[in-house]
Amino acid sequence: MRLYLSSERLGERAGALLGMLSGSRVAIIANGYDNCSAMTRNRYRAEVYDPVAEFASLGLDAHELDLRAHFGDPHSLRQRLAAYDLVWAMGGNSFILRRAMKSSGFDHVIRDLLEADAIAYGGYAAGAVVAGPSLRGLELMDDPWELPEGYDEPLIWSGLGLTPFAIVPHFRSRHPEAAAAEKVVSYMSARKARYRTLSDGEVIVRVGNLERLAS
């Protein structure tokens with residue numbers, strides 16, 4: 001299993017990400033931002049951060065993959081992902097992203113592909129959060145009740161289970177959600193939950209059975 005989990009964007013170890021890839025095709029999942037209008041998202045890409053441009057600067061060919069196009073049709077998603085070497089889940093609202101992954105069947109498809117070593121999974125913020133076993137406690141950082149148009153009502157607390165520990169991003173960072181991250185850590189510590197914190201710039205890299213924290 002190949003994982004690259006970051007607190008903020010690509011973090012400071014993009015070389016490690018490139019080293020785990022067997023090809024250059026990247027599928028970008030931005031459904032964590034489905035609660036934002038198309039205009040807001042376009043402005044963000046134009047003025048703040050464009051992941052396609054960032055991957056292009058590394059020599060990678062990135063395209064956005066909207067999970068909403070595959071709601072209720074995991075077979076089509078499996079076929080689509082077969083063309084990519086890396087799936088990159090962006091930030092936003094962890095609960096919205098997890099709902100999108102459930103409704104599209106991504107949660108089952110990605111596990112199959114990872115176990116077959118047919119793809120790598122990477123993500124930052126919400127994209128890293130959903131890799132853990134549970135989203136319990138993350139309601140202190142993200143609103144679990146935000147429900148974009150076209151989404152089902154059920155709230156999903158389980159994560160993808162790609163790591164045996166929860167991930168808390170933006171910990172002690174210069175980020176608007178740093179204070180919320182402290183609250184999440186307190187919540188998990190009080191309940192003796194397994195978790196790891198990531199400060200902006202830090203990443204968790206896993207290739208096979210070898211895992212390390214890089215900063």
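# Exercises on aromatic pairs and a buried helix

A search of the whole structure, which is a predicted model, finds 8 aromatic pairs.

**Exercise 1.** Determine how the rings of Tyr33 and Tyr44 are arranged and where the two residues lie.

*Solution.*
Step 1. The ring centres of Tyr33 and Tyr44 are 6.2 Å apart, and rings pair if their centres lie within 6.5 Å.
Step 2. The angle between the two planes is 35°. Planes under 30 degrees apart count as stacked and those over 60 as edge-to-face, so the Tyr33 and Tyr44 pair is tilted.
Step 3. Tyr33 belongs to the loop between strand E2 (25-29) and helix H2 (38-47), whereas Tyr44 belongs to helix H2. The pair links distant parts of the chain, 11 residues apart.
Step 4. Tyr44 has a relative accessible area of 28% and is partly exposed.

**Exercise 2.** State which elements are tied together by the pair of Phe106 and Tyr121, and decide whether each residue is buried or exposed.

*Solution.*
Step 1. Phe106 and Tyr121 form a tilted pair, with 6.4 Å from centre to centre and 50° between the planes.
Step 2. Phe106 is in helix H6 (residues 106-115) and Tyr121 is in strand E5 (residues 120-124), so the pair ties together parts that are 15 residues apart in sequence.
Step 3. Buried means under 20% relative accessible area. Phe106 has 0% relative accessibility and therefore counts as buried. Tyr121 is also buried, with a relative accessible area of 0%.

**Exercise 3.** Identify the residues that ring pairs link into a cluster, and the rings over which Arg136 and Arg196 lie.

*Solution.*
Step 1. The cluster consists of Tyr4, Tyr49, Phe55, Trp88 and Tyr124, linked by ring pairs.
Step 2. Arg136 lies over the face of Trp157, at 4.1 Å from the ring centre.
Step 3. The charged end of Arg196 is placed over the ring of Phe165, 4.2 Å from its centre.

**Exercise 4.** Explain why helix H5 is described as largely enclosed, and describe its surroundings and its two ends.

*Solution.*
Step 1. Helix H5 covers residues 94-104, and 10 of its 11 residues are buried, so the helix is largely enclosed by the rest of the structure. Among the buried residues are Phe95, Ile96, Leu97, Arg98 and Arg99.
Step 2. The buried residues of H5 pack against E2, helix H4 (74-81), strand E4 (86-89), H6, E5 and helix H7 (126-129).
Step 3. At the N-terminal end, Asn93 caps H5, with a side-chain oxygen 2.8 Å from the backbone nitrogen of Phe95.
Step 4. Gly105 follows H5 and has a positive phi, near 80°.

Definitions and conventions
Residues numbered from 1 in each chain as written. Predicted model: local features only at pLDDT ≥ 70, side-chain atom pairs only at ≥ 80, totals over all residues. Heavy atoms only, no water. Phe/Tyr/Trp six-rings, centres within 6.5 Å; stacked < 30°, edge-to-face > 60°. Helix = DSSP H or I, 4+ residues; strand = E, 2+ residues; numbered from the N terminus. Buried < 20%, exposed > 50% of the residue type's maximum accessible area, 1.4 Å probe, protein only. Lys NZ or Arg CZ within 6 Å of the ring centre and 35° of its normal. Contact = heavy atoms within 4.5 Å. Polar contact = N/O pair within 3.5 Å; in protein donor to acceptor, adjacent residues only side chain to side chain.
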